[in-house]
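Visitor: Could you walk me through this model and tell me what the descriptive words rest on?

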Amino acid sequence: MNRQPSNPTPENFTPPDEEQSAALEAELQTLSLRQPSDMLDARITASLSPATASLNPPVVAPRHWHLALTVAAAVALLALAGVSYYIQSTGTSTPPIVDNPPRDNRVADPKNPQQPVVVQATHHFDPKPIYLHWSREMDAGTLESEDSGPAHAIRRQDVLHRVWVDAERGVMIQLIEPRERLMVSKQNVF
Amino acid sequence: MSGHSNGPRCEIDPFGRLPVHAWLDEIYREHRQGLFSLALSVTRQPMSAEDAVHDAIVRLAKSNATPEGNAVAYVFRSVRNAAIDQLRKRGRSRETPLEYATNLFASTSPAPEAQMMTTESNAQLMRAVDALPEAQRQAIVMKIFAGLTFQQIAQACDEPISTVASRYQRGLAKLKHTMEGQHEPATV
């Protein structure tokens, strides 16, 4: 199918010779082109950079990967040891199970607000449900109110740990429920 | 990717696979201006042109495919196609009237330094290039401003080399004719 060109060649069209073409090409190359914005570079960089990690996951392991893995494992072990030591020193591990434990109700001393005190610990031995509960109270300072005057706030944190043990069937179910409450008691100014 | 005389210098990883984003990034850095000018010659709007370049690069990165033939021409063809897609999205004809179009050159910059540096002859040449038919304009943009060979331009446009070379020569002839007509003294 013969198509008519949208812009027909002029009747006096003569192809430029090589010398004229070279001169015209040289003049064209001196023209200042419109530049793309810096935003385009940022878009391209952002598109290619994360794609390197997501679309093309690295298939080549980094150099000295075994050394990096060893160092990471050592750091993890140290971190685990530190956490274990911290748990033991602060007494957050499970209290020992005893028969007929005494009930101890103590309230945190407002004069020494930074020291948490274990208020209550209750243990029941198998076959009944084992119920472990420890909590602590911390002084949360004084709350000021124009309407009701100053009030003493105590923050109470509980960790309710329930354990059901069926020794005959060898089944143990545990439920750990953390709770936090702010108890406010009004202080007498006069 | 073998047998490309003008292909990018790619670093091959120890497993022998080419990182697609490495050669894409290299081609973009080397032909940034040419890619943008080609897209602008099609879309006639800078924002659409940047979107076309970005969309083409992202599309190539996601495809993760090995380019067929010359890698540079492959990227230029993707940008050209993306620019045409931008035009279709705008719902306009492929030829945008000049009064609504943004030209390829920086003479329209409001900076007085740019205007002072642009001679009247250059300004006429810029207007003549912008007034060329689209096919001839694209051939001149890719040959002169992007520095591609006729073979690369033919691959980018998916047309025979003879057709591309003919369009380029016709474009130059039209420019020469326009400039000679501008320089003709007025007859009294």
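Guide: What follows is a short talk about helix crossings, burial and contacts.

Guide: This is a predicted model, where local features need pLDDT of at least 70 and side-chain atom pairs count only at pLDDT 80 or more, while totals for chains, interfaces and linings use all residues. Residues are numbered from 1 along each chain as its sequence is written, chains are lettered from A in the order in which they are written, and side-chain values use heavy atoms, without hydrogens and water.

Visitor: What pattern does chain B follow along the sequence?

Guide: Chain B reads α-α-α-α-α-α-α-α, with eight helices and zero strands. Helices here are DSSP runs of H or I with at least four residues, and strands are E runs of at least two.

Visitor: Why are H2(B) and H3(B) called oblique?

Guide: The axes of helix H2 (residues 46-63) and helix H3 (residues 71-90) of chain B cross at roughly 125 degrees and come within 8 Å. Angles under 35 degrees count as roughly parallel, over 145 as roughly antiparallel, 65 to 115 as roughly perpendicular and the rest as oblique. H2(B) and H3(B) are therefore oblique to each other. The residues where they touch divide into ten nonpolar, three polar and six charged.

Visitor: And what makes H1(A) and H6(B) roughly perpendicular?

Guide: Helix H1 (residues 18-29) of chain A and helix H6 (residues 134-145) of chain B have axes that cross at roughly 80 degrees, so the two are roughly perpendicular. In this pair, A:Glu25, A:Leu28 and A:Gln29 meet B:Ile140, B:Ile144 and B:Phe145, where contact means heavy atoms within 4.5 Å.

Visitor: Why is helix H5 of chain B said to be largely enclosed by the rest of the structure?

Guide: Buried means under 20% relative accessible area, exposed over 50%, and partly exposed in between, with a 1.4 Å probe and protein chains only. In helix H5 (residues 120-130) of chain B, eight of the eleven residues are buried, so the helix is largely enclosed. Among them are B:Leu125, B:Met126 and B:Val129. Across chain B, buried residues make up 48% of the 188 residues.

Visitor: Why is A:Arg181 called partly exposed?

Guide: A:Arg181 has a relative accessible area of 38%, so partly exposed is the right label. This residue is found in strand S4 (residues 171-186) of chain A. Leaving aside neighbours within four places in sequence, A:Arg181 is in contact with A:Ile154, A:Arg155, A:Arg156 and A:Asp158. A:Arg181 and A:Ile154 are 27 residues apart in sequence and 8.4 Å apart in space, C-alpha to C-alpha.

Conventions:
Axes are lines fitted to C-alpha atoms, for helices over the stretch in contact, and angles run from 0 to 180 degrees between N-to-C directions. Ala, Val, Leu, Ile, Met, Phe, Trp, Tyr, Cys and Pro count as nonpolar, Asp, Glu, Lys and Arg as charged, and the others, Gly among them, as polar.
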